[in-house]
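Take a moment to turn the model around on your screen before reading on. We will then walk through it together, one place at a time.

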Amino acid sequence: MHSSRTPRRLSTLAEMRRLATGEPHQLALAELTRSSTEVVPAPGGPQEMWEALVLTALMDHYGAHRPTETGGPYGIRRITPRAGELVVHVERDQLERWAGALVPVRRAHGSWTGLACLRWTVQDKGVLLHPADGTAHLMLARTFARDWHRAVAATIGAGDTTAATARDRSTETGLEQAQRTRIAPCAATVSALLRRVMLLEPLAQQPFTGGSVEFRVAAGQLVDHTLSAARRTPPWMVLHAPRPLWPRSAPVVPVRSAAEDVLAFMARYPHLPGVPLPSDAARALCLLAGVDGGPSALTAAAWALQVADRVLADPACGYLHEEGGWTANRRRVLEGFLYDSGPLDPPGAGRLIELSPVGMRDLGRESAYLPDRGVRDPITQGLDPAELDEELTERGTQILLGLLDWALAAATHQPPEHGPWQQVTPTAATDDYPDLLPDARWTARLPLADGPVPLQLRVDHSGETWFRYSVHPGPEGVPPHIHHATPEMRFSSAPSFTAALALAEHAGGEVAAGARHARSSDRRLLIPHPVPRDTEPHLTDLIAAAAPRDAVLDLYQVANSLRSLVKYRSTSSWGSPAQGHWRGEHGEESGTLSARIGDDYVLAATRIGEPANTAPLNSPAYRRHLAAHQIAIDPFAETYLVAADDLPGPTPLAARHQAGLAALRACDSRALRRTDPRPGPPGEDITEIIRLFPTELDRLEAFFEHWSRQRESSEER
């Protein structure tokens with residue numbers, strides 16, 4: 001044990017470790033007493049790769065899931081990480097899912113599932129999971145042999161063959177190599193996540209998650225899909241976990257000074273007319289950070305570059321190169337991240353401020369605006385004179401931190417491969433607001449692997465100080481109103497033109513990393529899931545796949561949308577699917593009631609020319625569309641909408657509502673309920689709700705308010 005670890009310090013570290021591992025405090029304390037260095041020890045090479053392989057297989061198998069419903073993230077109650085091994089406690093009722101994710105099986109139709117080359121050895125106190133060559137292992141603690149064998153047997157169907165019993169291992173060996181190649185670039189991060197897996201519990205409790213978590217490996221990166229917007233930030237950074245819990249990053253040796261990095265960074269991009277590239281690094285850094293280059297600012301920038309040199313040479317700061325570079329932290333500042341804990345202080349921030357050669361108040365006074373907001377406003381506007389010193393000091397501090405952030409960003413920025421930046425004529429989806437178009441626009445094309453729709457990186461510029469970056473789908477493969485739709489996939493203001501270009505690149509790289517789960521404004525996946533043309537998806541399977549992301553349109557949402565339509569569009573009429581769910585020159589007009597209601601909530605729009613656009617909601621064609629975009633409609637909403645859409649058009653809302661309600665009342669509600677694999681809302685009787693659902697449109701408001709109050713009171717109980 002290191003001599004600096006006093007009993008009090010050890011107890012504090014044990015509590016930190018417990019947050020990441022789920023271990024009881026005393027066990028965490030005992031493990032720390034055994035360990036000589038890290039709070040969560042890192043594994044060796046083969047062990048690291050094995051843990052990464054295991055977690056990747058679990059991530060693929062579980063997808064989006066709620067830890068509260070699986071006994072913990074990926075069914076894990078707790079873990080005990082040690083330098084040479086990992087002990088995992090898995091909920092007994094999750095063993096079958098683990099076997100399904102991990103046991104390598106050649107299915108009867110020829111495909112392979114599971115983790116290639118996985119084998120297991122039964123021991124007295126658990127089951128040891130290891131590769132065929134035995135170079136690493138993971139212990140399933142307190143797992144009885146009979147329970148594991150039962151779980152394995154449940155995953156094997158008629159005609160399936162386990163890899164362990166196959167005579168020819170050549171195919172399995174090839175699959176193993178492919179799996180290892182896939183995760184090799186991020187194996188250290190994935191292994192580190194498994195060793196801190198209980199951090200996913202507080203992550204799932206953050207706003208806008210719906211209580212679920214989802215991680216994937218894509219393009220050699222660990223991507224967090226917990227929110228609608230994918231991110232490459234690991235949980236310990238999102239949660240601002242104590243630094244002792246962070247894994248050690250691979251050190252990166254700088255090849256040049258921070259000053260040289262800033263000048264090279266600025267020279268990489270196009271420049272605005274009349275804005276020459278400074279030859280002095282401090283002045284270039286001020287230009288990049290959007291800070292007026294007065295004497296105090298130039299002194300501060302030179303100091304920030306000195307601190308950046310020290311930070312970049314520190315082996316412990318290798319994490320600056322993760323997430324596509326420290327540009328990520330400036331996006332955390334600029335985009336707000338309501339669902340996030342906000343930006344991190346850059347490493348070296350304490351030294352930067354404490355030893356600064358320029359006073360924070362002087363720096364704040366010299367600058368007329370806050371660079372992280374990109375807004376020029378008088379520093380004294382609206383301020384009480386007594387509060388001015390405090391405000392100036394805070395502004396100066398933020399400016400200095402921003403200068404260091406941008407120096408680090410310039411040194412670590414890793415743009416995705418994209419087409420050249422080109423200046424184009426600004427256009428919008430419509431001509432309704434021509435005065436809102438920017439003075440100038442630059443775009444670059446970012447193709448997506450296996451994607452029919454590319455991304456467009458965009459930077460808009462007006463006046464001398466207004467810069468905005470954004471990421472859009474298309475324009476190829478999407479209608480104009482989807483390409484230009486707001487809010488964009490990523491967007492914010494920027495402090496300078498060069499900063500906007502770099503931020504757009506970083507944001508585009510993040511969207512590209514999560515492209516298989518990214519959606520355009522009409523809720524269509526940029527890369528749809530492949531669905532065979534002759535398949536007939538079952539409602540139950542569609543709901544099971546969409547439920548973890550709350551992507552199921554239900555009767556409660558239908559009722560809420562109906563009451564809105566009564567208020568604002570009670571005289572409108574809609575047609576039948578035969579004329580198209582979506583119509584107009586580019587498919588921008590909802591043609592059916594189901595399309596209009598679905599647009600309020602979760603339904604992915606169909607496009608003109610697609611079979612689903614003229615098919616009823618319960619048809620195989622439309623359900624294939626839902627399967628491709630991982631969205632579902634619950635049986636009651638589907639029954640209502642199919643009947644409402646079935647009337648020939650144009651038919652007013654009142655008649656369609658009566659048709660939909662009549663179909664609901666004629667159905668066997670209990671039989672329909674059994675097709676939904678989700679537990680129903682507590683205390684809710686769907687049969688009674690259907691009975692009380694009013695036929696008259698003017699009674700919908702009171703009915704829905706009563707239903708809403710019932711749900712709220714049930715949740716409170």
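Not counting residues up to four places away in sequence, Arg107 touches Thr113, Thr155, Ile156, Gly157, Gly159 and Asp160. One of these partners, Asp160, also makes a polar contact with Arg107, side chain to side chain, at 2.7 Å. You can find Arg107 in the loop between β3 (105–106) and β4 (112–113). Is Arg107 buried or exposed? With a relative accessibility of 16%, Arg107 counts as buried, because the cut-off for buried is under 20%. To get a feeling for scale, look from Arg107 to Val255: they are 148 residues apart in sequence, and their C-alpha atoms are 51 Å apart in space.

Keep in mind that this is a predicted model. How confident is the predictor? The average pLDDT of the protein chain is 91, and 94% of the residues score at least 70. Among the elements of the chain, helix α22 (residues 620–628) has the highest mean pLDDT, 98, and strand β12 (residues 375–376) the lowest, 43. Over residues 369–376 the pLDDT stays under 50, and the model has 25 contacts beyond four places in sequence for this stretch.

Next, the interior. In soluble globular proteins, nonpolar side chains tend to be buried together. Here the largest nonpolar core has 141 residues, and Tyr74, Trp98, Leu138, Leu140, Trp148 and Leu285 are those with the most contacts inside it. Helix α12 (residues 295–312) gives the largest share of this core, 11 residues. Leaving aside neighbours within four places in sequence, Leu138 is in contact with several residues, including Trp50, Val88, Trp98 and Leu194. Apart from this core lies another one of 49 residues, among them Ala547, Ala604, Leu626 and Ile686.

Leu285 also belongs to the buried residues of α11, along with Ala281, Ala282, Ala284, Cys286, Leu288 and Ala289. Why is helix α11 (residues 281–289) described as largely enclosed by the rest of the structure? It is because 7 of its 9 residues are buried. At its N-terminal end, Asp280 acts as a cap, with a side-chain oxygen 3.3 Å from the backbone nitrogen of Ala282. After α11 comes Gly290, with a positive phi near 75°.

Two other helices show how such elements can pack. The axes of α3 (residues 45–62) and α7 (residues 187–194) come within 8 Å and cross at roughly 75°, so α3 and α7 are roughly perpendicular to each other. Residues making this contact include Glu48, Met49 and Leu55 of α3, and Ala187, Val190 and Leu194 of α7.

Now visit strand β16 (residues 466–473), where Ser470 is found. Ser470 is buried, with a relative accessible area of 1%. Its side chain makes a polar contact with the side chain of His472 at 2.9 Å. Farther along the sequence, Ser470 is in contact with residues including Glu488, Arg490 and Phe491.

Finally, some backbone angles deserve a look. Pro475 lies in the loop between β16 and α17 (480–483), and Pro487 in the loop between α17 and β17 (490–494). Glu323 sits in the loop between α12 and α13 (327–334) and is buried, at 7% relative accessibility. Arg523, in the loop between α18 (497–513) and α19 (539–546), is partly exposed at 22%.

| Place | Feature | Angle |
|---|---|---|
| Gly474 to Pro475 | cis peptide bond | omega near 10° |
| Thr486 and Pro487 | cis peptide bond | omega about -5° |
| Glu323 | positive phi, not glycine | phi near 60° |
| Arg523 | positive phi, not glycine | phi near 70° |

Key:
Residues numbered from 1 in each chain as written. Predicted model: local features only at pLDDT ≥ 70, side-chain atom pairs only at ≥ 80, totals over all residues. Heavy atoms only, no water. Buried < 20%, exposed > 50% of the residue type's maximum accessible area, 1.4 Å probe, protein only. Helix = DSSP H or I, 4+ residues; strand = E, 2+ residues; numbered from the N terminus. Polar contact = N/O pair within 3.5 Å; in protein donor to acceptor, adjacent residues only side chain to side chain. Core = buried A, V, L, I, M, F, W, Y, C linked by side-chain atoms within 4.5 Å. Contact = heavy atoms within 4.5 Å. pLDDT = per-residue confidence, 0-100. Axes fitted to C-alpha atoms, helices over the stretch in contact; angles between N-to-C directions. Parallel < 35°, antiparallel > 145°, perpendicular 65-115°, else oblique.
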